[in-house]
Amino acid sequence: TLADRFLEITGSVDKRKLKAQMLDTLDIERERGITVKSLAVTLKYKSKSGAAYTFNIIDTPGHVDFTYEVSRSLAACEGAVLLVDVSQGVEAQTLANLYLAMENNLTIIPAVNKIDLQHIDVEMVINEMKETLGFKDEDIVKISAKNNLNIDVLLEKIIEKIPAPKDDDNGRLQALIFDSYFDNFRGVVILTRIFSGKIKAGDLIKFWATDNEYIVEEVGTSMIERFPKGELTSGDVGYFIANIKSISDVKIGDTVTSAKDPCENPLQGYKAVKPVVFAGIFPVESDDYDEFKKAVEKLKLNDSALFV
């Protein structure tokens, strides 16, 4: 819901198209009110001082089962908003995600949400955040995402506290892959954060972990939909398409660099995904085996964490 308010206040989505849980694209996310899949968007915001800012935000899952999903997103960021539900208080997953953010040396802005709920002791939750998480009174922003209370205060706090990315457009290309998905018409779409250098259509790039080389076909930014642009430069978060046919060729957390003039070292944080849930699945009718096999292969196209 907070992400919805960000989209609304920044005017990033036409009001006619705005709907609840805009960044939750899976049916189960909408049904259960949870986030499973991270989604990155680029927002334009004019502050109270009149200055124009670009926010690249990633809406990440909160549940501890999605720790790797969160950790690779945090590696792409300068700061994080730690959202505590006033009706739930400080949970184990709150601590787990806070420690992940601290390991990545991020600037953390604590916010307590749903302060408009009746029969809830907001001050008790704030004291819990101060005692358990070590924040001060002036650090914590009290908001209600549902009723648009103090969302502008939170946005101004982000501008004040979170540092802008370093400007290194002239360095060698060094970009982090923090997510990817499969497009039936374009192949694998890679979501990336540029740490140094530039990337544009026609560039020959290399993936550090696999040593595979590709020619970039399109780059751009994401605002629910894809918006192509001329190039991505240091500090930008966006996507690129490079005629990659299989999502298993893309390793999340890998470093993208120039094939002709590579960077000296990869970005830190890449690790191979380890399966933790195992299942043996069989079709009820043996005649359905081929259809079943095709269905699993299609599923694997969209999820690089699935091993078959």
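**Sheets, core and salt bridges in the predicted model**

Val81 has Ile109 of β4 as its bridge partner. This pair is a handy way into the structure, which is a predicted model. Further along, Leu83 sits opposite Ala111, again in β4. Both contacts belong to the pairing of strand β3 (residues 79–85) with β4, which runs in the parallel sense over 7 bridges. To get from β3 to β4 the chain goes through helix α4 (residues 92–103), and this β-α-β crossover is right-handed.

On to the other neighbour of β4. Ala111 also has a bridge partner in β5, namely Val141. Strand β5 (residues 141–142) pairs with β4 over 2 bridges, in the parallel sense here too. A right-handed β-α-β unit is made by β4, helix α5 (residues 122–133) and β5. Put together, the strands give an open sheet of 3 in the order β3-β4-β5, with parallel pairing. Its edge strands are β3 and β5, each of which pairs on one side only. How many residues of strand β4 are buried? The count is 6 of the 7 residues in the stretch 107–113, so β4 is largely enclosed by the rest of the structure.

Helix α1 (residues 2–9) tells a similar story: 6 of its 8 residues are buried, so the rest of the structure largely encloses this helix. The buried residues are Leu2, Ala3, Asp4, Arg5, Phe6 and Leu7, so-called charged side chains and all. What covers them includes β1 (39–46), β2 (52–59), β3, α6 (151–161) and β11. After α1 comes Gly11, with a positive phi near 65°.The second sheet is built from 8 strands, in the order β10-β9-β15-β6-β7-β14-β11-β12; this sheet is open and its pairing is antiparallel. At the edges are β10 and β12 (225–229), which each pair on one side only. Direction ignored, neighbouring strands of this sheet are turned by 40° against each other on average. Within the sheet, β6 and β7 pair in the antiparallel sense over 9 bridges. One of the residues involved is Asp179, whose bridge partner in β7 is Leu191. As background, side chains in a regular strand alternate between the two faces of the sheet.

Now for the packing. In soluble globular proteins, nonpolar side chains tend to be buried together. The largest nonpolar core in this model has 21 residues. Which residues have the most contacts inside it? They are Ile190, Ile199, Ile205, Phe207, Phe240, Ile244 and Val256. Strands β6, β7 and β9 (204–207) each supply at least two residues of this core. Leaving aside residues up to four places away in sequence, Phe207 touches Ile177, Ile190, Asn212, Tyr214, Phe240, Ile244, Asp249, Val250, Asp254, Thr255 and Val256.

That leaves the charged pairs. Side chains of opposite charge can pair when their charged atoms come close. The count comes to 15 salt bridges. Arg186 takes part in a salt bridge with Glu217, where the closest N and O atoms are 3.7 Å apart. Why does this pair tie together separate parts of the chain? Arg186 lies in the loop between β6 (174–183) and β7 (187–196), while Glu217 lies in the loop between β10 (213–215) and β11 (218–223), so the bridge joins parts that are 31 residues apart in sequence.

Arg186 also meets the side chain of Glu218 in a salt bridge, at 2.9 Å from N to O. This pair links distant parts of the chain too, with Glu218 in strand β11 and Arg186 in the loop between β6 and β7, 32 residues apart. Are these three residues buried, exposed or something in between? Arg186 is partly exposed, with a relative accessible area of 28%. Glu217 is partly exposed as well, at 40% relative accessibility. Glu218, at 17%, falls under the 20% cut-off and therefore counts as buried.

Elsewhere, the side chains of Asp236 and Lys229 meet in a salt bridge with an N to O distance of 3.9 Å. Lys229 is partly exposed, its relative accessible area being 38%. Finally, Arg172, Asp261 and Glu264 are joined into one network by salt bridges that share partners.

How values were computed: Residues are numbered from 1 along each chain as its sequence is written. This is a predicted model: local features need pLDDT of at least 70, side-chain atom pairs count only at pLDDT 80 or more; totals for chains, interfaces and linings use all residues. Side-chain values use heavy atoms; hydrogens and water are left out. Buried means under 20% relative accessible area, exposed over 50%, partly exposed in between (1.4 Å probe, protein chains only). Helices (H or I, at least four residues) and strands (E, at least two) are DSSP runs, numbered from the N terminus. Two strands pair if DSSP finds at least two bridges between them. A crossover is right-handed if, with the strands pointing away from the viewer, the path from the first strand over the helix to the second runs clockwise. A salt bridge is a side-chain nitrogen of Lys or Arg within 4 Å of a carboxyl oxygen of Asp or Glu. Contact means heavy atoms within 4.5 Å. A nonpolar core is a set of buried Ala, Val, Leu, Ile, Met, Phe, Trp, Tyr and Cys residues joined through side-chain atoms within 4.5 Å. Axes are lines fitted to C-alpha atoms, for helices over the stretch in contact, and angles run from 0 to 180 degrees between N-to-C directions.
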